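Subject: The structure, and what turned up in it

Hi,

Here is the structure I promised to pass on. Have a look at it first, and then read on for my notes.

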Amino acid sequence: MIEHRLIERMVALLKKALSRLENKENFNPQFIFDAVDFFRTYADRTHHGKEEDILFEELKNKKISNEHKRIMDELIQEHILARENVKGLLEANEQYVKGDSKEVDKIMGFLKTLVKLYPPHIKKEDTQFFLPIMDYFTEEEQQNMLKKFFEFDRQIIHEKYKGTVEKYEKM
Ligand SMILES: [Fe+2]
Ligand SMILES: [Fe+2]
């Protein structure tokens, strides 16, 4: 999936931020806020969303091998772990900008986990999952799934900014 390539580039930026923190160099907390937005809107809602809400859902109607089922369960667990770490990263960063410099250790911990988690997750999907499982689908089913992917992507921008308006309307 092409989206993996952009996620890898963001993970490389997380690595850079982590080594700056480890070397006690200047670090930009706004980058963490932007990275959290990237992981939430792009990696999780848009990308994992298509995997979980469309592809994995369609696979539930197929008789898949135990091995593929095992990998799919692992992938879902890894998505959950990523989500939890992104949430932790956001909370630690919020505390940090409020002046709690001890939160740096937590920020580094969450960054370390994310940097370790994503590359093997993506590799597993790219090399052991997405291609082989296509054999469970007919050409027509694959085309229908692509259409659903496009429609899913199209609605995200509307969902995101509707959410922004609604958040401030409630304040
Ligand atoms: Fe995934
Ligand atoms: Fe993925």
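Let me start in the second helix: in α2, the buried residues are Ile32, Ala35, Phe39, Ala43, His48, Lys50, Glu51 and Leu55. They pack against α1, α3, α4 and α5, the last of these covering residues 139-169. Please keep in mind throughout that this is a predicted model.

Now for the overall picture. The protein has five helices and zero strands, so to read it from the N terminus is to meet α-α-α-α-α, by the definition of helices and strands used here. Its C-alpha trace spans about 55 × 40 × 20 Å along the principal axes. Of the 171 residues, 15% count as buried. If you take the contacts between residues at least 6 apart in sequence, 76% of them join residues at least 24 apart.

Back to α2, with its partners one by one.

α2 and α3
Helix α2 (residues 29-59) packs with helix α3 (residues 66-97) at an angle of about 160°, and the two axes are 10 Å apart. That angle makes the pair roughly antiparallel. Their crossing is left-handed. On the α2 side you will find Pro29, Ile32, Phe33, Val36, Phe39, Arg40, Asp44, His48, Glu52, Phe56 and Leu59, and these meet Met72, Ile76, His79, Arg83, Val86, Leu89, Leu90, Asn93, Tyr96 and Val97 of α3. Sorted by class, the residues of this contact are 14 nonpolar, three polar and four charged. Ile32, Phe39 and His48 are worth clicking on, as they belong to this contact and also appear among the buried residues of α2.

α2 and α5
Here the axes come within 10 Å and cross at roughly 145°, and the crossing is right-handed. The residues involved are Thr41, Arg45, Thr46, Gly49, Lys50, Ile54, Leu55 and Glu58 from α2, together with Met145, Lys148, Phe149, Phe152, Asp153, Ile156 and Lys160 from α5. By class, that comes to six nonpolar, three polar and six charged residues. Two of the α2 residues in this contact, Lys50 and Leu55, are buried.

Where does α2 kink? The kink is centred on glycine 49 and amounts to about 40°. Glycine 49 is also one of the α2 residues in the contact with α5.

While you are looking at α5, try leucine 146, which lies in that helix. Is leucine 146 buried or exposed? It counts as exposed, because it has 11 C-beta neighbours inside 10 Å. Its C-alpha is 9.8 Å from the C-alpha of leucine 55, although the two are 91 residues apart in sequence. Leucine 55, for its part, is among the buried residues of α2.

α1 and α4
This is the other helix pair I looked at. The axes of α1 (residues 2-22) and α4 (residues 103-133) come within 9 Å, crossing at roughly 150°. The two helices are therefore roughly antiparallel to each other, and the crossing is left-handed. From α1 the contact takes in His4, Ile7, Glu8, Val11, Leu14, Lys15, Ala17, Leu18, Leu21 and Glu22, and from α4 it takes in Val104, Ile107, Met108, Leu111, Lys112, Leu114, Val115, Tyr118, Pro119, Ile122 and Asp126. Its make-up by class is 15 nonpolar, one polar and five charged residues.

The loop between α1 and α2
Two residues caught my eye here. Lysine 24 sits in this loop and has a positive phi of about 55°, although it is not a glycine. It counts as exposed because there are 8 C-beta neighbours inside 10 Å. Asparagine 26 is found in the loop too, and it is exposed, with 7 other C-beta atoms within 10 Å. From asparagine 26 to leucine 111 the C-alpha separation is 16 Å, and the two are 85 residues apart along the chain. Leucine 111 is one of the α4 residues that contact α1.

One last residue to find is lysine 123, in helix α4. Lysine 123 counts as partly exposed, because it has 13 C-beta neighbours inside 10 Å. Between lysine 123 and lysine 24 there are 31 Å in space, C-alpha to C-alpha, and the two are 99 residues apart in sequence.

Happy to go through any of this with the structure open on the screen.

Best wishes

Note on methods:
Residues are numbered from 1 along each chain as its sequence is written. Chains are lettered from A and ligands numbered from 1 in the order in which they are written. This is a predicted model: local features need pLDDT of at least 70, side-chain atom pairs count only at pLDDT 80 or more; totals for chains, interfaces and linings use all residues. Axes are lines fitted to C-alpha atoms, for helices over the stretch in contact, and angles run from 0 to 180 degrees between N-to-C directions. Helices (H or I, at least four residues) and strands (E, at least two) are DSSP runs, numbered from the N terminus. Angles under 35 degrees count as roughly parallel, over 145 as roughly antiparallel, 65 to 115 as roughly perpendicular and the rest as oblique. A crossing is left-handed if the near helix is turned anticlockwise from the far one by less than a right angle, and right-handed if clockwise. Two residues are in contact if their C-beta atoms, placed from the backbone, lie within 7 Å. Ala, Val, Leu, Ile, Met, Phe, Trp, Tyr, Cys and Pro count as nonpolar, Asp, Glu, Lys and Arg as charged, and the others, Gly among them, as polar. The bend at a residue is the angle between axes fitted to the seven residues ending there and the seven starting there. A residue is buried if 20 or more other C-beta atoms lie within 10 Å of its own, exposed if 12 or fewer, and partly exposed in between; C-beta atoms are placed from the backbone.
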